[in-house]
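Let's take a friendly walk through this structure, one stop at a time. Keep the sequence and the 3D view side by side as you read.

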Amino acid sequence: MRSANERPTGGELLRLQDVRKVYGRSRNSVTALASVSLGFQRRTFTAVMGPSGSGKSTFLHCAALLDRPTSGSVLLEGQDLTAMNERALTKLRRNRIGFVFQSFNLLPALTVVDNVTLPLRLAGERPDRRRVDEVIERTGLTSRRKHRPGELSGGQQQRVAIARALVTRPVLLFGDEPTGALDTQTALEILGLLREAVDAGEQTAVIVTHDPVAASHADRVVFLVDGQVSAELQRPSAEQVARQMTQLGSWARTRRPMGAERVN
Ligand code: ADP
């Protein structure tokens, strides 16, 4: 039987429902997310774009449960996570959510293997050697197992971060500008790995990016303006994404979408 705070989500893994985030109080308050309702189907790859200050980071933090919305719900498999206590949320984040950052966020004193297995050890689990080997191989790091982050290129470091994010077999994989610090070719390799994680059927990926080429690897691109969803594109080309980005400024001024479907 469903509990009171469960709702059916069909093929959806994650849903943000009327999510609002206000920073500060009264006169000094900033509405970073006005009222965002978005669903994420299982095993899809979504890119979130928008001008600086449009609420992308806030959106990602609320969706990944790193921050709580001021109001609204975040539902994972139908369960409202905003009602959970911190302890339960920490556990859920550890087991079910992987995160990849622009700046890699690796521990410099640890080897590749130790960085990758850290989430398991933090969760009090003994790393499953087969799983660790598999994820290290999949990310092309087999010959680098004993290296430390300082001995690796940016792309290799981001591979370690992806291996670390995947080692717990999370259902959700979030990326905050995961290719932002990489050159074009390396960025493509990293995007390929994210795409592969989704296509292999285990993960649902959501990344924030300002790069139309990165966004064109996604199944869907969601555009935010002033804390609201202004438009969505399905499987767009990099050119379509770039065109939409240039039109967002006009949308912000007129509050009317141009070219793409308006999402309410
Ligand atoms: P983006 O990632 O698209 O640049 P953000 O989510 O970082 O946008 O920010 C959205 C709005 O919320 C901006 O106006 C920003 O200044 C504001 N904001 C973000 N974080 C905070 C915070 N901790 N305190 C106050 N205002 C914030």
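Begin with L65, which sits in the loop between α1 (56–63) and β4 (71–76). Keep in mind as you look that this is a predicted model. Is L65 buried or exposed? L65 has a relative accessible area of 6%, so it counts as buried, because buried means under 20% relative accessible area. Now look at what surrounds this leucine. Leaving out residues up to four places away in sequence, L65 touches V74, L81, L89, L92, R93 and I97. You can also use L65 to practise reading distances: V22 is 43 residues away from L65 in sequence, and their C-alpha atoms are 16 Å apart in space.

Next, turn to the ligand. Which residues surround the ligand? They are Y23, V30, A32, P51, S52, G53, S54, G55, K56, S57 and T58. Sorted by class, this shell has four nonpolar residues, six polar ones and one charged one. Several oxygen-to-protein distances are worth finding in your viewer. One ligand oxygen atom lies 3.1 Å from a polar backbone atom of S54. For G55, too, a polar backbone atom is 3.1 Å from an oxygen atom of the ligand. With S57 the partner is in the side chain: an N or O atom there is 2.8 Å from an oxygen atom of the ligand. How much of the ligand does the protein cover? On its own the ligand has 560 Å² of accessible area, and the protein covers 57% of that. Two elements, β2 (30–41) and α1, each give two or more residues to the shell. Of the elements, α1 gives the most, with three residues.

From the ligand, move on to the nonpolar cores. The largest of them has 43 residues, and V116, L173 and F223 have the most contacts inside it. Helix α6 (residues 184–199) provides the largest share of this core, seven residues. Zoom in on F223 to see its surroundings. Beyond its neighbours within four places in sequence, F223 is in contact with residues including M49, Q228, V229, L233, V241, M245 and L248. Another core, of 31 residues, lies apart from the largest one, and L60, L76, M84 and V229 are among its members.

Two residues deserve a look for their backbone angles. D226 is not a glycine, yet it has a positive phi of about 50°. You will find D226 in the loop between β9 (220–225) and β10 (228–234). Its relative accessibility is 42%, so D226 counts as partly exposed. R235 also has a positive phi, of about 45°, although it is not a glycine. R235 belongs to the loop between β10 and α8 (238–254). With 57% relative accessibility, R235 counts as exposed.

The last stop is T117, in helix α3 (residues 112–122). Why does T117 count as buried? It does so because its relative accessibility is 4%, and buried means under 20%. Where does the side chain of T117 reach? It comes to 2.9 Å from the backbone oxygen of V113. Not counting residues up to four places away in sequence, T117 touches P127 and V132.

How values were computed. Residues are numbered from 1 along each chain as its sequence is written. This is a predicted model: local features need pLDDT of at least 70, side-chain atom pairs count only at pLDDT 80 or more; totals for chains, interfaces and linings use all residues. Side-chain values use heavy atoms; hydrogens and water are left out. Helices (H or I, at least four residues) and strands (E, at least two) are DSSP runs, numbered from the N terminus. Buried means under 20% relative accessible area, exposed over 50%, partly exposed in between (1.4 Å probe, protein chains only). Contact means heavy atoms within 4.5 Å. A residue is near a molecule or strand if one of its heavy atoms lies within 4 Å of it. A polar contact is a pair of N or O atoms within 3.5 Å; within protein, one must be able to donate a hydrogen and the other to accept it, and residues adjacent in sequence count only if both atoms are side-chain atoms. Accessible areas come from the Shrake-Rupley method with a 1.4 Å probe; for residues, only the protein chains shown count as cover. Ala, Val, Leu, Ile, Met, Phe, Trp, Tyr, Cys and Pro count as nonpolar, Asp, Glu, Lys and Arg as charged, and the others, Gly among them, as polar. A nonpolar core is a set of buried Ala, Val, Leu, Ile, Met, Phe, Trp, Tyr and Cys residues joined through side-chain atoms within 4.5 Å.
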